[in-house]
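Here are some comments on the model you sent, set out as numbered points. Please read them with the coordinates open.

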Amino acid sequence: MPAPQDLLTAAMLHPAARVGVETERLALFITAASEAVASYVGYPLHRRLGMVESVAGTGGPYLWLAGGAVRQVVRVDVRGVEVDAASYAVESALMGRLVARSSRWPFTGSWTTGVSSTPLEARDTGEVVVTYDAGWVTPGQAALDSSLQVDLPAAIQLAAVESVTAALSRDGKPGDVASENIGGTSMSYFAGEGGGRAALPSTARQMLTPYRRMR
C-alpha cells in the first residue's frame, strides 16, 4: 500500500531496478527516498488541505509560514477576527511568504517596559492563525484515490526515481557513492558537496534545487 508522501510508485521504476526486491521492501525504499527528498527541499511535498498554522506577527508587511509550496490561503484570523482576503496575497509560494497589501500585520511578542513601550521580540502568541492548502498531488496519493490527478512537478518525480534507483542499485553505482565498513557491516552513502554525507545522489539534488527552501 503506497503512502501519501510517496513521490513515485513502483511502476515508475525501470524493471531492472525492481528485480529481486520484495514488494514490502520496495515500498520501504520508495517511502524512505520520498521522505529524504522532502527533507532536502525543506517542506512536505504531498498535498495537504486545510493546514492551520499559528504564526508570529512581525509588525511588518510579511507573514512567514513554516510550510512551503503554498497553493492557496483559505483564511487569516487576527485575534479571532477573519482578515479581508483582498488585503493580503501569497507573495512567494515556495517560501510560504504572505504580504499585506495595505496595512502591516500586527506585532505579536514581547514589548519593552515603560510608559511608551515598543516591540522587542516577535514570537508566536496564537493571535495570528493562517489556514491554507499546500503541496502537490503525489503518485502515492493518486494511487490511494483514483479521483486525484498527479500534479507534482516532473523534476521532483524524477529526483525521487533517481534516488530510489540509486539506493536499490548494487552494480554501476553513481560516482558520488562512498562506502565504509563498521564491524562486519558495509554501508553506503552519497558524498555531499562539502565532502560530508548526503541522503540523495547529486543528480537528484540538482533537479530539486529550484524547489529547495533555504532557511
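How many helices and how many strands does the protein have?

1. The protein has 5 helices and 12 strands, and it should be kept in mind throughout that this is a predicted model. Of its 215 residues, 41% count as buried. Among contacts with a separation of 6 or more, 66% are accounted for by residues 24 or more positions apart.

2. One open sheet deserves a careful look: its 4 strands run in the order S1-S9-S3-S4, and their pairing is antiparallel. Because S1 and strand S4 (81-82) each have a single partner strand, they stand at the edges, and one side of each is left without a neighbour in the sheet. Within this sheet, strand S3 (residues 70-78) and strand S9 (residues 128-134) pair in the antiparallel sense over 7 bridges, with Val76 standing opposite Val130 in S9.

3. Glu53, which sits in strand S1 (residues 48-55), is the residue I would examine with most attention to its polar partners. Glu53 is buried yet has no salt bridge, and the nearest side chain of opposite charge, that of Arg48, is 7.0 Å away; for a salt bridge, a side-chain nitrogen of Lys or Arg would have to lie within 4 Å of a carboxyl oxygen. What the side chain of Glu53 does reach is the backbone nitrogen of Ala66, at 2.6 Å, and it also makes a polar contact with the side chain of Tyr132 at 2.7 Å.

4. The wider surroundings of Glu53 can be listed as well. Once neighbours within four places in sequence are set aside, Glu53 is in contact with Trp64, Leu65, Ala66 and Gly67, and also with Val128, Val129, Val130 and Tyr132. The two residues that its side chain meets through polar atoms, Ala66 and Tyr132, both appear among these contacts.

5. Arg47 is found in the loop between helix H2 (23-41) and S1. Arg47 counts as partly exposed because its relative accessibility is 31%. Not counting residues up to four places away in sequence, Arg47 touches Ala134, Gly135, Trp136, Val137, Gln141 and Leu148. The C-alpha atoms of Arg47 and Val70, although 23 residues apart along the chain, are separated by 9.6 Å.

6. Two residues other than glycine have a positive phi that I would ask you to check. For Ala69, phi is near 55 degrees, and this residue lies in the loop between strand S2 (62-64) and S3; Ala69 counts as buried because its relative accessibility is 5%. For Arg79, phi is likewise near 55 degrees, and its place is in the loop between S3 and S4; with a relative accessible area of 48%, Arg79 is therefore partly exposed.

7. Finally, is the span of helix H4 close to or far from the value expected at 1.5 Å a residue? Helix H4 (residues 154-168) has 15 residues and reaches 21 Å from its first C-alpha to its last, which is close to the expected 21 Å. Its buried residues are Ile156, Gln157, Ala159, Ala160, Val161, Ser163, Val164, Ala166 and Leu168. When reading such a list, recall that an α-helix has 3.6 residues a turn, so residues three or four places apart point the same way.

Terms used. Residues are numbered from 1 along each chain as its sequence is written. This is a predicted model: local features need pLDDT of at least 70, side-chain atom pairs count only at pLDDT 80 or more; totals for chains, interfaces and linings use all residues. Side-chain values use heavy atoms; hydrogens and water are left out. Helices (H or I, at least four residues) and strands (E, at least two) are DSSP runs, numbered from the N terminus. The expected span of a helix is 1.5 Å times one less than its number of residues. Buried means under 20% relative accessible area, exposed over 50%, partly exposed in between (1.4 Å probe, protein chains only). Lys and Arg count as positive and Asp and Glu as negative; His and the chain ends are not counted. A polar contact is a pair of N or O atoms within 3.5 Å; within protein, one must be able to donate a hydrogen and the other to accept it, and residues adjacent in sequence count only if both atoms are side-chain atoms. Contact means heavy atoms within 4.5 Å. Two strands pair if DSSP finds at least two bridges between them.
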